[in-house]
Amino acid sequence: MLCTGARDGNVCLWTIFDVEGFSTYEEDCGIHRKTPIEILKTEGIIRIRDTHYNPTCERLGTIGYGAGKYDAKVCFVDVRQPLQKRVIALPQKEENIVISGHDSSPLFAVGSLSHLMLIDDRDPNTTDITSVKILDPAQGIRSLSFQGDIITIGACKTSLMFYDIRNRKYVTDHDENPIKRRLKQGYVAENMDWHMHRYSHYPPSTSDVISIMTHCYDDSGLRLFAAGGPLPLELIGNYASIWE
């Protein structure tokens, strides 16, 4: 099953298998054209930025924006009762573009420009949101994942951070300093027009503009794959690595 969100506020559910009535084959171009098996309309969200399904509580979490630029919201849909939706206004309004969920509890995490937000969806009658500042202010969270009670945070400027939800603090080293991994092996092609006329605070050919757009652990939980690239459309570059 595949879940997608769009700028029309709809969440579509797709099957990767060929199902009669939902898949047709076009011989002239040699492709299968599919239609969604289910369309869910979110409440109050016009532009969807990300979705995540939490199998523990059987809820689909969707983040996006309403009519206003800073009208940031999260919508929870009970897949067993898709007509029942819960919409929560998010306290952090800028760049809410990623959501993830805990493996064994109804806890969701949302990443914004400067904060990590933890949303406990255990009780539908209450709103429990905890905002945690990220280590580098205004860096922007681009990817999130849960590994047990540890949240791995992928951000702009090639940073990886780790937050312990049980102890409510960042994972630290022996000197009690928060562990932060700065990745420097990214490639960015030189674009002097960009640096001279648009964003002069970015030095040319620096990997600092690499954003960790996605990451995941293997089954052992000991190896971490991280990948990303420049967020601005005018730049060309990439980053990929495996950490142990």
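Thr51 counts as buried, with a relative accessibility of 17%, which places this residue under the 20% limit used for that class. The value comes from a predicted model, as do the others described here. Thr51 is part of strand β6, which covers residues 47-54. Which residues does Thr51 touch, once its neighbours within four places in sequence are left aside? The contacts are with Cys3, Val11, Leu60, Gly61, Thr62 and Ile99.

A helpful counterpart is Leu2, found in strand β1, which spans residues 2-5. Is Leu2 buried, partly exposed or exposed? Its relative accessibility is 44%, so Leu2 counts as partly exposed; that class lies between the 20% and 50% limits. Leu2 also joins Ile16 and Phe17 in a nonpolar patch on the surface. Together, the three residues of this patch, Leu2, Ile16 and Phe17, offer about 340 Å² of accessible area.

With these two residues in view, the chain as a whole can be introduced. The chain has 244 residues, and 43% of them count as buried; Thr51 is in the buried class. Its secondary structure consists of 1 helix and 22 strands, with β1 holding Leu2 and β6 holding Thr51. The accessible surface of the chain amounts to about 13,500 Å². Carbon and sulfur atoms account for 51% of that surface.

Contacts along the sequence complete the picture. Where the partners in a contact are at least 6 residues apart in sequence, 41% of such contacts in the chain link residues at least 24 apart.

Key
Residues numbered from 1 in each chain as written. Predicted model: local features only at pLDDT ≥ 70, side-chain atom pairs only at ≥ 80, totals over all residues. Heavy atoms only, no water. Helix = DSSP H or I, 4+ residues; strand = E, 2+ residues; numbered from the N terminus. Buried < 20%, exposed > 50% of the residue type's maximum accessible area, 1.4 Å probe, protein only. Contact = heavy atoms within 4.5 Å. Areas by Shrake-Rupley, 256 points an atom, 1.4 Å probe, with all protein chains shown as cover. Patch = residues over 30% accessible without salt bridge, like charges linked within 9 Å, V, L, I, M, F, W, Y side chains within 5 Å. Salt bridge = Lys/Arg side-chain N within 4 Å of Asp/Glu carboxyl O.
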